[in-house]
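Let's take a walk through this one, going from one contact to the next. Have a look at the picture first, and then we'll start with a single pair of side chains.

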Protein chains: 2
Amino acid sequence: MPRPPKEPSGGRPTRERILDVALDLFATEGFEKTSLREIAERMGFSKAALYYHFASKDDILLALHLRLHELGAAAFEDIDPDRVDPSAWRGLFDRLIDRMLEHRQLFILHARNHDALKRIAHEHPKGEHEDLEERVRRLLADPAVPAAQRVRLACAVGSVMAGMIAAGDFFTDIDTGLLAKLVRGAVGDLIDPVVRGDV
Amino acid sequence: MPRPPKEPSGGRPTRERILDVALDLFATEGFEKTSLREIAERMGFSKAALYYHFASKDDILLALHLRLHELGAAAFEDIDPDRVDPSAWRGLFDRLIDRMLEHRQLFILHARNHDALKRIAHEHPKGEHEDLEERVRRLLADPAVPAAQRVRLACAVGSVMAGMIAAGDFFTDIDTGLLAKLVRGAVGDLIDPVVRGDV
DNA sequence: GTCTATATTTCGATAGAC
DNA sequence: GTCTATCGAAATATAGAC
């Protein structure tokens with residue numbers, strides 16, 4: 001029989017609590033600069049104990065990458081990978097903004113440790129997931145797409161990122177719902193000419 | 001008498017060439033991940049020789065920080081620190097975009113290693129420079145400024161950053177002049193409602 | 001100005017007891 | 001599942017010869 005949890009952790013498994021701590025540290029200090037000693041100290045046990053739950057430091061980052069990947073897969077599974085036309089951009093960004101504000105830390109982790117994530121994703125050739133980021137990346141680099149559209153798309157992505165980062169640093173007094181509305185408005189102004197076909 | 005330079009380095013002093021190499025590495029791999037061994041290898045001499053030119057690794061980053069600071073001071077010395085009103089934003093961003101595209105690496109270095117730069121700037125209390133970034137930062141965090149203006153400003157900054165980062169990654173086929181024009185147009189659409197007083 | 005050699009620290013990771 | 005103890009590698013930095 002499954003024994004009930006004894007720790008005062010809300011029944012949250014130790015592995016998940018380690019990931020919570022690592023997410024916080026990786027997002028605020030960076031993956032390279034965060035040491036396992038630091039994670040272990042916050043968890044209240046020794047460095048070696050971490051290795052019972054994870055095979056390596058990279059393995060912790062990989063698990064966090066999976067959290068983000070599953071999130072993205074669930075949120076954008078109805079998008080046609082082969083045909084991302086501008087008319088779908090507005091709805092795409094509306095959902096993206098909500099998701100990103102809802103899971104700020106995960107996206108900040110991703111943006112901040114992009115190199116490390118790319119490295120371990122490259123060392124784990126399993127799945128070769130075709131996620132949203134890769135599609136946007138290809139769109140941005142495609143010389144066949146009008147330059148104006150590509151630049152506008154990059155600015156829109158940068159705007160969402162900036163809003164998300166600022167949310168925790170400068171916008172602590174702004175309600176999340178209002179922030180989402182304002183960012184949606186700004187992104188709308190950015191991609192309106194693209195959607196309307198003016199560029 | 002000042003002896004002529006013998007190295008095939010265009011007469012560029014060793015110290016400056018070290019900074020060039022360090023800038024490239026810090027911007028592409030990050031400050032923490034770049035080792036002095038890596039810099040020394042590219043320079044063609046040993047690790048210890050670096051310490052003849054710089055007192056520490058932090059000192060190298062500090063010198064690069066000064067490059068950026070002098071650049072910013074020269075470019076925005078005519079801005080009134082105490083009165084940054086929206087009507088000046090357009091001109092501010094126009095100059096900012098040109099400067100940033102012109103010195104891409106320096107700004108990428110700054111964005112990527114913001115924490116390390118803040119740390120060494122904090123350890124060097126000299127000057128307590130009041131630069132443009134600090135002013136924008138205060139504006140973004142000021143609850144007295146309308147939320148819509150703050151969010152639009154953050155999006156504009158994020159757009160410029162995105163355009164600059166993408167310039168080297170995805171926009172290699174886009175002429176710099178065209179890119180600057182397109183980013184100016186995008187930022188204009190973002191801050192137009194603010195400048196006109198619609199928000 | 002650059003070298004070799006080395007001191008010192010910190011890190012990720014492992015071994016084995018409990 | 002967690003511990004202590006330790007290994008090996010790599011990092012920053014220093015000492016002293018040339």
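A good place to begin is the salt bridge that A:Lys33 makes with B:Glu32, where the closest N and O atoms sit 3.7 Å apart. Keep in mind that we're looking at a predicted model. That pair belongs to a set: between chain A and chain B there are 8 salt bridges. There are also 11 residue pairs in polar contact between chain A and chain B, counting pairs in which both residues have a pLDDT of 80 or more.

So much for individual pairs; what about the elements behind them? On the side of chain A that touches chain B, two or more residues each come from α7 (114-123), α8 (132-141), α9 (147-169) and α10 (176-196) of chain A. Of these, α9(A) is the top contributor, giving 10 residues to that side. Sort the side of chain A that touches chain B by class and you get 19 nonpolar, 4 polar and 10 charged residues.

Now step back to the whole contact. Chain A puts in 33 residues, and chain B puts in 33 residues as well. Together the two chains bury about 2700 Å², and carbon and sulfur atoms carry 67% of that area.

Next stop, the DNA. Which residues come nearest to DNA strand D? They are A:Phe45, A:Ser46, A:His53, B:Lys47 and B:Lys57, out of 15 residues around the strand. Look at it from the strand's side, and sugar and phosphate make up 59% of the DNA strand D atoms that come within 4 Å of the protein.

A few of the phosphate contacts are worth finding on screen. In A:His53, a side-chain N or O atom is 2.8 Å from a phosphate oxygen of DNA strand D. Over on chain B, the side chain of B:Tyr51 has an N or O atom 3.0 Å from a phosphate oxygen of the strand. B:Leu36 does it with its backbone instead, placing an N or O atom 3.1 Å from a phosphate oxygen of DNA strand D.

Zoom out once more, to the elements that make up this surface. At least two residues each come from α3 (47-53) of chain A and from α2 (36-43) and α3 (47-53) of chain B. The largest share belongs to α3(A), which supplies 4 residues of the surface near DNA strand D. By class, that surface has 7 nonpolar, 5 polar and 3 charged residues.

Definitions and conventions: Residues numbered from 1 in each chain as written. Chains lettered and ligands numbered in written order. Predicted model: local features only at pLDDT ≥ 70, side-chain atom pairs only at ≥ 80, totals over all residues. Heavy atoms only, no water. Near = heavy atom within 4 Å. Polar contact = N/O pair within 3.5 Å; in protein donor to acceptor, adjacent residues only side chain to side chain. Nonpolar A, V, L, I, M, F, W, Y, C, P; charged D, E, K, R; others polar. Contact = heavy atoms within 4.5 Å. Buried area = accessible area lost by both parts, 1.4 Å probe. Salt bridge = Lys/Arg side-chain N within 4 Å of Asp/Glu carboxyl O.
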